[in-house]
Structure formats: structure tokens, C-alpha cells
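Student: I would like to learn how to read the features of a protein model. Could we work through one together?

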Amino acid sequence: MTLQEKIDKLPLSIEYEDCLFELRIEISHWGVILRYIDFRYYSDLFVVEEHTENRSISKLFEDVIDRALTMIENKEWEK
């Protein structure tokens, strides 16, 4: 599955206990190097964070999306 297909598979929001949690992605860097991706459904329903020093932006982003898709498929916030 391509990175684009994985991104397309992500829900823009998740409903849980009658609340709607919207997707938020934050990409931060210090200096000129990307260092951090924070991927969460608003109000911290679940959070996937990843730090990097030597991965490409696309690889870092794909790793975060893979972990998020696994969490979504397993509905880990309900456990």
C-alpha cells in the first residue's frame, strides 16, 4: 500500500462516547532538520508521536501513519 493510500484510509474524525475527535497532525523541527511528528485525535483520544534524527520525512510520516492505522483498526482507545 502506498503512503497516499494509507493517508486516504485515515478517518478525519472518530466518534467515541458520543464525542467527535478530529484528526490533528503537527510536524515540528528545530533548526533545519525535522525532528518530531505528533499525530492525535483531538483531546488526546490517542496520540502517536515519533522523533527522528536520521529518517526521511516520508519514512517518518509513514511510520506514524502505520502505527495510527494499527491503533484505529484495534480501537485501542476502548481498551
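**Reading the model**

Tutor: Trp77 is a good place to begin: at a relative accessible area of 13%, this residue is buried, because the cut-off for buried is under 20%. Keep in mind throughout that the model is predicted.

Student: Where in the chain is Trp77 found?

Tutor: Trp77 sits in the segment after helix 2.

Student: Which residues is Trp77 in contact with, leaving aside its neighbours within four places in sequence?

Tutor: With those neighbours left out, the contacts of Trp77 are Ile14, Tyr16, Leu45, Phe46, Met71 and Ile72. A distance along the backbone can be read beside this list: Trp77 and Asp44 are 33 residues apart along the chain, and their C-alpha atoms are separated by 9.8 Å.

Student: Phe46 is on that list. Where is Phe46 found, and is it buried or exposed?

Tutor: Phe46 belongs to the loop between strand 3 and strand 4 (47–51). Its relative accessibility is 5%, so Phe46 counts as buried. Not counting residues up to four places away in sequence, Phe46 touches Ile14, Phe39, Arg40, Tyr41, Ala68, Met71, Ile72 and Trp77.

Student: How far apart in space are Phe46 and Lys75, C-alpha to C-alpha?

Tutor: They are 9.8 Å apart in space and 29 residues apart in sequence.

Student: Several of these residues have rings. How is a pair of aromatic rings described?

Tutor: Two quantities are used: the distance of the centres and the angle of the planes.

Student: How many aromatic pairs does a search of the whole structure find?

Tutor: The search finds three aromatic pairs. One of them joins Phe39 and Tyr41, at 6.2 Å centre to centre with 80 degrees between the planes, and is edge-to-face. Tyr41 also pairs with Phe46, and there the centres are 5.1 Å apart and the planes are at 45 degrees, which is a tilted arrangement.

Student: Why does the Phe39 and Tyr41 pair count as edge-to-face?

Tutor: The angle between the planes is 80 degrees, and an angle over 60 counts as edge-to-face, which means the pair falls in that class. The rings also group beyond single pairs: Phe39, Tyr41, Phe46 and Trp77 form one aromatic cluster.

Student: Are Phe39 and Tyr41 buried or exposed?

Tutor: Phe39 counts as buried because its relative accessibility is 0%. Tyr41 is buried with a relative accessible area of 0%.

Student: Let us turn to the core. How many residues does the largest nonpolar core have?

Tutor: The largest nonpolar core has 19 residues, and Leu10, Phe39, Tyr41 and Phe46 have the most contacts inside it. At least two residues of this core come from each of strand 1 (13–16), strand 3 (33–41) and helix 2 (57–74). Helix 2 gives the largest share, eight residues.

Student: Which residues is Leu10 in contact with, leaving aside its neighbours within four places in sequence?

Tutor: Leu10 is in contact with Phe39, Tyr41, Ile65, Ala68, Leu69 and Ile72.

Student: What about the backbone? Which phi does Asp18 have?

Tutor: Asp18 is not a glycine, yet its phi is positive, at about 60 degrees. This residue lies in the loop between strand 1 and strand 2 (19–30), and with 75% relative accessibility Asp18 counts as exposed. Lys75, likewise not a glycine, has a positive phi of about 45 degrees. Lys75 is in the segment after helix 2 and is partly exposed, with a relative accessible area of 44%.

Student: Now the whole protein. In what order do the elements run from the N terminus on?

Tutor: The order is α-β-β-β-β-α, made up of two helices and four strands. The C-alpha atoms fill a box of roughly 40 × 25 × 20 Å along the principal axes.

Student: How much of the protein counts as buried, and how much accessible surface does it have?

Tutor: Of its 79 residues, 35% count as buried. The accessible surface comes to about 5300 Å², and 49% of that belongs to carbon and sulfur atoms.

Student: What can be said of long-range contacts and of charge?

Tutor: Among contacts between residues at least 6 apart in sequence, 38% join residues at least 24 apart. For charge, there are 10 positive and 18 negative charges, and their mean positions are 5 Å apart.

Definitions and conventions: Residues are numbered from 1 along each chain as its sequence is written. This is a predicted model: local features need pLDDT of at least 70, side-chain atom pairs count only at pLDDT 80 or more; totals for chains, interfaces and linings use all residues. Side-chain values use heavy atoms; hydrogens and water are left out. A nonpolar core is a set of buried Ala, Val, Leu, Ile, Met, Phe, Trp, Tyr and Cys residues joined through side-chain atoms within 4.5 Å. Buried means under 20% relative accessible area, exposed over 50%, partly exposed in between (1.4 Å probe, protein chains only). Contact means heavy atoms within 4.5 Å. Rings of Phe, Tyr and Trp (its six-membered ring) pair if their centres lie within 6.5 Å; planes under 30 degrees apart count as stacked, over 60 as edge-to-face and the rest as tilted. Accessible areas come from the Shrake-Rupley method with a 1.4 Å probe; for residues, only the protein chains shown count as cover. Lys and Arg count as positive and Asp and Glu as negative; His and the chain ends are not counted. The place of a charge is taken as NZ of Lys, CZ of Arg, CG of Asp or CD of Glu.
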